[in-house]
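Student: I'm new to this one. Can you walk me through it?
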Amino acid sequence: MTNSPDSQGGQHVEEVMQGAGFYNAHSRPQHAAGDFALPMLQDAVAALPVPVASEVFTAVDYGSSQGRNSMAPMKAVIEAVRGRTKSVTPVAVIHTDLPGNDFTSLFELLEHSPDSYRRGVPDVFALAAGESFYKQILPPAQVWLGHSSITVHWLSAAPSTIPGQIWSPRATGAVRSAFAERARQDWLAFLQARAVELRPGGRLVIVGSGANDSGNSGAESLVDLANSTLQALVSEGTLAQDEYEQMVIPTYYRTMAEFCAPFAAGPLAATLRLVKNAPAVLPDVLWQTYEQNRDTQGFAQAYADFFIAAYAPSLFGALDATRREQILAAFRQHLQQRIATDPQQAECRWQLILLAIEKRAA
Ligand SMILES: C[S@@+](CC[C@H](N)C(=O)[O-])C[C@H]1O[C@@H](n2cnc3c(N)ncnc32)[C@H](O)[C@@H]1O
């Protein structure tokens with residue numbers, strides 16, 4: 001379990017994924033989402049100016065987590081670059097995430113996994129930066145290509161808790177507006193920082209976890225199930241009411257219009273150009289496996305682990321370690337049971353927003 005705090009000064013702050021490699025082991029849906037980036041990354045490299053002589057090509061993977069889902073995208077970038085330069089262009093891959101991220105799992109994977117983009121490939125340098133992507137992370141004009149998959153729905157902080165709910169798609173009225181406003185400001189901050197870091201002509205490929213025009217992310221049913229599981233833990237006395245009331249996942253799922261607004265008007269529109277924007281729906285890989293094997297318990301466990309890998313640090317991070325382990329164990333058991341009783345309730349149709357962005361040449 002990651003030890004990062006859930007709240008600071010009443011603010012529910014940025015969260016990393018469940019540590020010790022747990023996210024790597026339970027992020028098949030995010031892995032599938034990352035596949036959408038591959039053709040976009042190849043297109044982006046094809047559109048870039050070609051690095052000359054021994055010039056270093058710097059690619060940045062913003063919000064890499066434990067790295068399993070970064071291997072294929074970064075491999076695609078390295079191959080595309082070398083395909084263009086027809087030489088062993090040195091490539092620096094910089095993985096960024098929050099300081100509390102499990103970077104150890106990332107570097108172990110890079111060293112030992114057969115999927116590592118470094119395996120058997122010379123002159124590829126893997127580096128990491130533990131800094132929020134809502135700030136400038138790298139010196140100006142260093143980055144040829146930026147990539148970020150399933151990250152920017154994580155807010156710099158949740159503006160508040162949500163009465164009776166744990167995430168923003170279920171927020172209404174002023175609470176929902178506050179999440180939307182935080183998301184607007186965060187997206188501007190993210191883009192402003194990237195606008196500084198990118199070289200002129202450099203590109204950014206984003207696979208965003210977004211919302212359809214009604215504001216739905218596609219996972220409402222699963223998260224409702226998790227919320228009612230927490231409420232059941234309160235009813236049976238396992239979880240205190242005030243502990244439940246503090247729980248909030250600091251995410252917001254932007255619509256296409258919200259993602260695209262900064263490129264239409266305002267100061268960033270002069271620096272960044274939206275090259276491509278497309279919606280997509282993520283096929284549910286866990287459901288597909290269930291349809292093949294009809295293993296209800298396996299499906300329930302896979303979905304409970306997926307939920308815990310992504311959201312347990314946000315929901316349970318503020319509890320002290322012993323209590324956290326107890327409550328997490330009870331939550332896992334109850335959630336798994338509920339999913340097994342009605343597997344379809346866990347099925348997700350995550351809405352993706354795919355963006356290719358270019359820094360305008362000076
Ligand atoms: C769902 S994971 C996605 C990880 C990986 N890109 C993938 O496709 O599997 C979201 C990641 O975003 C990171 N993250 C959230 N807020 C962040 C921030 N402000 N700065 C940097 N990383 C952040 C989290 O720590 C987490 O590793």
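We go through a helix pair, the nonpolar cores and one loop residue.

Tutor: Keep in mind that this is a predicted model.

Student: Okay. At what angle do α7 and α12 pack?

Tutor: About 125°, with their axes 9 Å apart. Helix α7 covers residues 220–235, and helix α12 covers residues 321–341.

Student: What do you call that arrangement of α7 and α12?

Tutor: Oblique, because the angle is over 115 but not over 145 degrees. The crossing of α7 past α12 is right-handed.

Student: Which residues meet there, α7 against α12?

Tutor: On the α7 side, they include L222, A226 and L230. On the α12 side, F331, H334 and L335 are among them. By class, that contact has eleven nonpolar, three polar and one charged residues.

Student: New topic. How many residues are in the largest nonpolar core?

Tutor: It has 82 residues. I166, L230, F307 and F316 have the most contacts inside it. Helix α11, residues 296–316, gives the largest share, 13 residues. There is also a second, separate core of 26 residues, including Y134 and I206.

Student: What does F307 touch?

Tutor: Setting aside residues up to four places away in sequence, its partners include I166, L222, A226, F331 and L335.

Student: And Y252, buried or exposed?

Tutor: Buried, because its relative accessibility is 5% and the cut-off is under 20%. Y252 sits in the loop between α8 and α9.

Student: Which residues does Y252 touch?

Tutor: Beyond four places away in sequence, Y252 touches H153, L155, S168, F179, A180, A183 and E258.

Methods: Residues are numbered from 1 along each chain as its sequence is written. This is a predicted model: local features need pLDDT of at least 70, side-chain atom pairs count only at pLDDT 80 or more; totals for chains, interfaces and linings use all residues. Side-chain values use heavy atoms; hydrogens and water are left out. Axes are lines fitted to C-alpha atoms, for helices over the stretch in contact, and angles run from 0 to 180 degrees between N-to-C directions. Helices (H or I, at least four residues) and strands (E, at least two) are DSSP runs, numbered from the N terminus. Angles under 35 degrees count as roughly parallel, over 145 as roughly antiparallel, 65 to 115 as roughly perpendicular and the rest as oblique. A crossing is left-handed if the near helix is turned anticlockwise from the far one by less than a right angle, and right-handed if clockwise. Contact means heavy atoms within 4.5 Å. Ala, Val, Leu, Ile, Met, Phe, Trp, Tyr, Cys and Pro count as nonpolar, Asp, Glu, Lys and Arg as charged, and the others, Gly among them, as polar. A nonpolar core is a set of buried Ala, Val, Leu, Ile, Met, Phe, Trp, Tyr and Cys residues joined through side-chain atoms within 4.5 Å. Buried means under 20% relative accessible area, exposed over 50%, partly exposed in between (1.4 Å probe, protein chains only).
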